[in-house]
Amino acid sequence: MSTADITLDEWLHFDEREAAVVAEGAARRAGGVVTSVHLHEFGGRSAYNAIIEVEGRPFAFVPGGDTRLGFDTASWTPTDEEVLSYLGSQAALDLFPQYAHQEADDRDEARALRTDGTVGEIRAHITAITSRPRTARLKAFLAATHADQAGVSEASLDHPVIAALIEKWKPGYQQLVGDLLLPDTDIDTHGRVSFDPDGKPTAAWLAAHTTYDTITAELAGTGRRLPTPDEWEHAYAFGARGLFPWGDRMPTGWREDDDALVLPDGVHVATASPTLSGLHMAQNSYKWELTADRHEVRGADGGGTECGGEPWFAKWLIQASAYRDPEQGDFVARRPHTRGTLVRPVIPLD
């Protein structure tokens, strides 16, 4: 059997030796080397991760097969706290109550807004921002464990653009970002610099104008491409059929000692951990990931819910496995540049 034909169901039943054999086959096909085959746990589930280094960059093996994708909202019912958060309560689902302002609990106010149609309204809302249930036939592939920021590359501290930005340092600044607030029409190259507490620059990057066509052409030139929307969703969910990769429920607590989210059933999810596939995904609500369909972006809403002060219900929904927003995708597709948008290279194995 070809490595590209390995299915997720097969992969989840492999032992370590079988997973290692597949990993070696994928590495040979991609011209890389296996650096790790290990059992990884995420959200109460476990699976082997095969990490393969290709030209100095780590990729994870993602099996394929006939894969169930999308989310069926008819099979899902929100908890009382989730309903209250949807209705506008800032206190409901609050992970950090110790940092809340000393204001009256607003859950009773939200509770008064609940009607017999509220759950149906919530389901309709989720339906509008998730993909529909379907089966996709996918080939196995390798995906970069981390996504890049498009147009952003490391730079020397003596580069003229970087040197000019360093001159602007002031006490207290630990990072200067020259392209933080710019119009979409800007096509210049800007700098980003990190500083230590004493103001010594420690690392620098150039942020250059780029386009979707440029990104895809550069990837194709190296035998790589963007993931399709189905591949992205599959790699994120990795067989999970709930609303999120970790299940149906939104977290209700946060453990400061190990920086983990706590689910209602007590299962915890490490915030810095890769998902079950071994990929770090949907970890920045401000940063979309591009896909092979220029009108489909995944993993974020551009910071709208976070910056807009939305309740936790809205903040969590952008991490749903099937999350998508056609309006966001169309907006990104129309932009004259995509500097800083996330790009995750994929290496096909067929």
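Which residues of helix α5 (residues 118–128) are buried? They are Thr118, Val119, Ile122 and Ile126. Bear in mind that this is a predicted model. Besides that helix, there's an open sheet of 5 strands to look at, another open sheet of 3 strands, and 1 cavity of 30 Å³ or more.

**Helix α5**

- The buried residues of α5 are Thr118, Val119, Ile122 and Ile126, and they cover an arc of only 100 degrees around the axis, which puts them on the same side of α5.
- An α-helix has 3.6 residues a turn, so residues three or four places apart point the same way.
- What do the buried residues of α5 pack against? Their partners are α3 (80–86) and α10 (312–317).

**The sheet of 5 strands**

- Reading across this open sheet, the order goes β1-β2-β3-β6-β18, and the pairing is antiparallel.
- At the edges you'll find β1 (33–42) and β18 (346–348); each has a single partner strand, so one side of each is left without a neighbour in the sheet.
- From one strand to the next, the twist averages 30 degrees.
- Strand β6 (residues 141–144) runs antiparallel to β18, and 3 bridges join the two.
- Across that pairing, Leu142 has Ile347 of β18 standing opposite.
- Helix α8 (residues 229–237) packs on the sheet and touches β2, β3 and β6, with its direction making about 80 degrees with that of β6.
- Helix α2 (residues 16–30) lies across β1, β2 (45–54), β3 (57–62), β6 and β18, and runs at about 135 degrees to β1.

**The sheet of 3 strands**

- This one is also an open sheet, with the order β12-β13-β14 and antiparallel pairing.
- Why is one side of β12 (253–255) and of β14 (268–270) left without a neighbour in the sheet? Both stand at the edges, each with a single partner strand, so there's nothing in the sheet on the other side.
- On average, neighbouring strands here are turned by 30 degrees against each other, direction ignored.
- Strand β13 (residues 260–262) and β14 run antiparallel and are joined by 3 bridges.
- In β14, His268 is the residue that stands opposite Val262.

**The cavity**

- Rolling a probe the size of a water molecule over the atoms shows where empty space is left.
- The structure holds 1 cavity of 30 Å³ or more, and the volume of the largest cavity is about 60 Å³.
- Its lining is made up of 13 residues, and the ones nearest the centre are Arg68, Glu233, Ala237, Ala240 and Arg241.
- Two elements, β4 (65–69) and α8, give two or more residues to that lining.
- The largest share, 3 residues, comes from β4.

**Two residues to look up**

- Leu176 sits in strand β9 (residues 175–177).
- Is Leu176 buried or exposed? With a relative accessible area of 10%, Leu176 counts as buried, because the cut-off for buried is under 20%.
- Leaving aside residues up to four places away in sequence, Leu176 touches Leu165, Lys168, Trp169, Gly191, Arg192, Val193 and Phe195.
- From Leu176 to Trp11 there are 165 residues in sequence and 44 Å in space, C-alpha to C-alpha.
- Thr79 belongs to the loop between β4 and α3.
- Thr79 is partly exposed, at a relative accessible area of 28%.
- The C-alpha atoms of Thr79 and Trp11 are separated by 33 Å, with the two residues 68 apart along the chain.

Notes
Residues are numbered from 1 along each chain as its sequence is written. This is a predicted model: local features need pLDDT of at least 70, side-chain atom pairs count only at pLDDT 80 or more; totals for chains, interfaces and linings use all residues. Side-chain values use heavy atoms; hydrogens and water are left out. Two strands pair if DSSP finds at least two bridges between them. Helices (H or I, at least four residues) and strands (E, at least two) are DSSP runs, numbered from the N terminus. Axes are lines fitted to C-alpha atoms, for helices over the stretch in contact, and angles run from 0 to 180 degrees between N-to-C directions. Contact means heavy atoms within 4.5 Å. Buried means under 20% relative accessible area, exposed over 50%, partly exposed in between (1.4 Å probe, protein chains only). The arc is that of the directions from the helix axis to the C-beta atoms. On a 1 Å grid over the protein atoms alone, a cavity is a set of points where a 1.4 Å probe fits but cannot get out, and a pocket is an open set with protein on both sides within 12 Å along at least five of seven lines; lining residues have an atom within 4 Å of a point. Grid points are joined across faces, edges and corners, and a volume is the space filled by probe spheres set on the points.
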